[in-house]
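Thanks, everyone. I will go through this one in short steps, with the structure up on the screen. Stop me if something is unclear.

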Amino acid sequence: MIAKNAVPILILYYAACSSTMLVINKVAVHFLPTPTFLLFCQLAFSALVVKICKSFGYIEADKFEWDKIKKFAWVIVGFLGTIFCNIKVLQYSNVETFITFRSSTPLIISLCDYFLLGRAWPSMRSWVCLFFLIMGSAGYVMVDHGFELRAYLWLFLWYCFYVFETVYVKHMCESVPMSNWGRVYYTNGLAMLPLFMILPAMSESNILFEIIWIPQVYIPLILSCLVGVGMSHAAYMLRDSVSATYFTLVGILCKVVTVIINLSIWDKHAGPEGIALLGVCVLAGTFYEQAPKRESKSLLARDQEVKMFSGAPASAATCSHKSPKVLDGFKTVP
């Protein structure tokens, strides 16, 4: 478990990676319009860095084991689908489009929390936030002059993969203990294999052979690979130190910095109306609160009754509620 006084440093670490990764990918795919190749380079580079550092003893990372690979397979499906659709969205649309739809994901995830993960319905405050998220997203679509049907189809696919990954990874993190660098190694190392097999079918080889490898082409590619390593590691480190709700909050706030960077260096951003509606989405997402587990209240009440009538010590269930178990880099929500 990371010390509490290190949390601000981890937030800055994660924010620096998250706020720049989206813009760097947009620049990279603009000068090198081969999103599949770009993603493969990022995955391969991250896996290679972990492998080399592990070989020299600088870090600890889980080695490949068949039992873990089988359990991790669906994580790879969700991760690879989410990242690939992310890059395709950036290829056909602008950064604000992706951020707005990303800010509205709590609506679907709250339903999955209730029906699949045993959480309560969101509070009235959270429902209000979700309402403004939906209205902001719908309004942005109406004023988005860069509307492209392909972009919004990719956004829908990204939505499906993202929700699946969020729910399934939550389950896996509680059932398969691994180190932070081990998760980075598995995620990137396993995901690059199917991508390598489909790479020839993506018709990007001609572009790669014809491209002139000038600095404005290969520098964004190198930067995206470097930031990709930090992004993976920072995400797991921060998840290990704060609650899921706080992690989501930090992620949404990072999108504000992304917009600022995008407005400073890029000319394919939305107009004033789109930026204003984006601000509504980000603010609503900021004030959203994740619902607690449904059984938490009954467990606490039951324990209080036991203590009141028998003077018995607190139950194991309540103790686990007060002090969440740390599962190798992730807090297990009781």
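I begin with the inside of the protein. Helix H7 gives three residues to the lining of the largest cavity, the most of any element. Keep in mind that this is a predicted model. The search comes to one cavity of 30 Å³ or more, and the space in the largest cavity is about 50 Å³.

What lines the largest cavity? The lining is made up of Phe-72, Val-75, Val-169, Met-172, Cys-173, Arg-183 and Tyr-236. Two elements, helix H3 (66-92) and helix H7 (149-175), give two or more residues to that lining. By class, the lining residues come to six nonpolar, no polar and one charged.

Next, the record. The unreviewed UniProt entry carries the annotation "transmembrane region" for residues 7-24, 30-52, 72-92, 124-143, 149-169, 181-199, 211-232 and 244-265. I looked at two of these spans in the model. Residues 124-143 are 100% helix and 0% strand, with 29 Å between the end C-alpha atoms. For residues 211-232 the end C-alpha atoms also lie 29 Å apart, and that span is 82% helix and 0% strand.

Now the cysteines. How many disulfides does a search of the whole structure find? The number is zero. A disulfide is a covalent bond between the sulfur atoms of two cysteines. Take Cys-41: its closest cysteine sulfur is in Cys-225, at 5.5 Å, and that is too far for a bond. The cut-off for a disulfide is 2.5 Å between the sulfur atoms. As for exposure, Cys-41 counts as buried because its relative accessibility is 17%, where buried means under 20%. Cys-129 is buried too, at a relative accessible area of 7%.

On to the aromatic residues. The count of aromatic pairs comes to 14. One of them is Phe-56 with Tyr-58: the ring centres are 6.0 Å apart and the planes are at 15°, so this pair is stacked. Both Phe-56 and Tyr-58 are exposed.

Another pair is Trp-158 with Tyr-162. Here the ring centres are 4.9 Å apart and the planes are at 20°, so this pair is stacked as well. The cut-off for stacked is planes under 30 degrees apart. Trp-158 and Tyr-162 are four residues apart in helix H7, so about one helical turn separates them. Are these two residues buried or exposed? Trp-158 counts as buried at 2% relative accessibility, and Tyr-162 is buried at a relative accessible area of 14%.

There is also an aromatic cluster, formed by Phe-64, Phe-72, Tyr-185 and Tyr-186. You have met Phe-72 already, in the lining of the largest cavity.

The last topic is contacts between positions that are separated along the chain. I have four examples, and all the distances are C-alpha to C-alpha.

Start with Ser-123, in the loop between helix H5 (106-115) and helix H6 (124-143). Which residue is 166 residues away from Ser-123 in sequence and 7.6 Å away in space? That residue is Glu-289. Ser-123 itself is partly exposed, with a relative accessible area of 33%.

Then Thr-105, which is found in the loop between helix H4 (95-103) and H5. Its relative accessible area is 0%, so Thr-105 is buried. Gly-285 is 180 residues from Thr-105 in sequence, and 9.2 Å from it in space.

Third, Asn-180, which sits in helix H8 (residues 180-198). Asn-180 is buried, with a relative accessible area of 12%. Between Asn-180 and His-233 there are 6.8 Å in space, for 53 residues in sequence.

The fourth example takes us back to helix H7, where Val-163 has its place. Val-163 counts as buried at 10% relative accessibility. A distance of 8.6 Å separates the C-alpha atoms of Val-163 and Gly-78, which are 85 residues apart along the chain.

To sum up helix H7: Trp-158 and Tyr-162 form a stacked pair there, Val-163 is in this helix, and it gives three residues to the lining of the largest cavity. That is what I have for today.

Conventions: Residues numbered from 1 in each chain as written. Predicted model: local features only at pLDDT ≥ 70, side-chain atom pairs only at ≥ 80, totals over all residues. Heavy atoms only, no water. 1 Å grid on protein atoms, 1.4 Å probe; cavity = no way out; pocket = protein on both sides within 12 Å on 5 of 7 lines; lining within 4 Å. Points joined across faces, edges and corners; volume = space filled by probe spheres on them. Nonpolar A, V, L, I, M, F, W, Y, C, P; charged D, E, K, R; others polar. Buried < 20%, exposed > 50% of the residue type's maximum accessible area, 1.4 Å probe, protein only. UniProt positions renumbered as here; feature names shortened; annotations may be inferred. Phe/Tyr/Trp six-rings, centres within 6.5 Å; stacked < 30°, edge-to-face > 60°.
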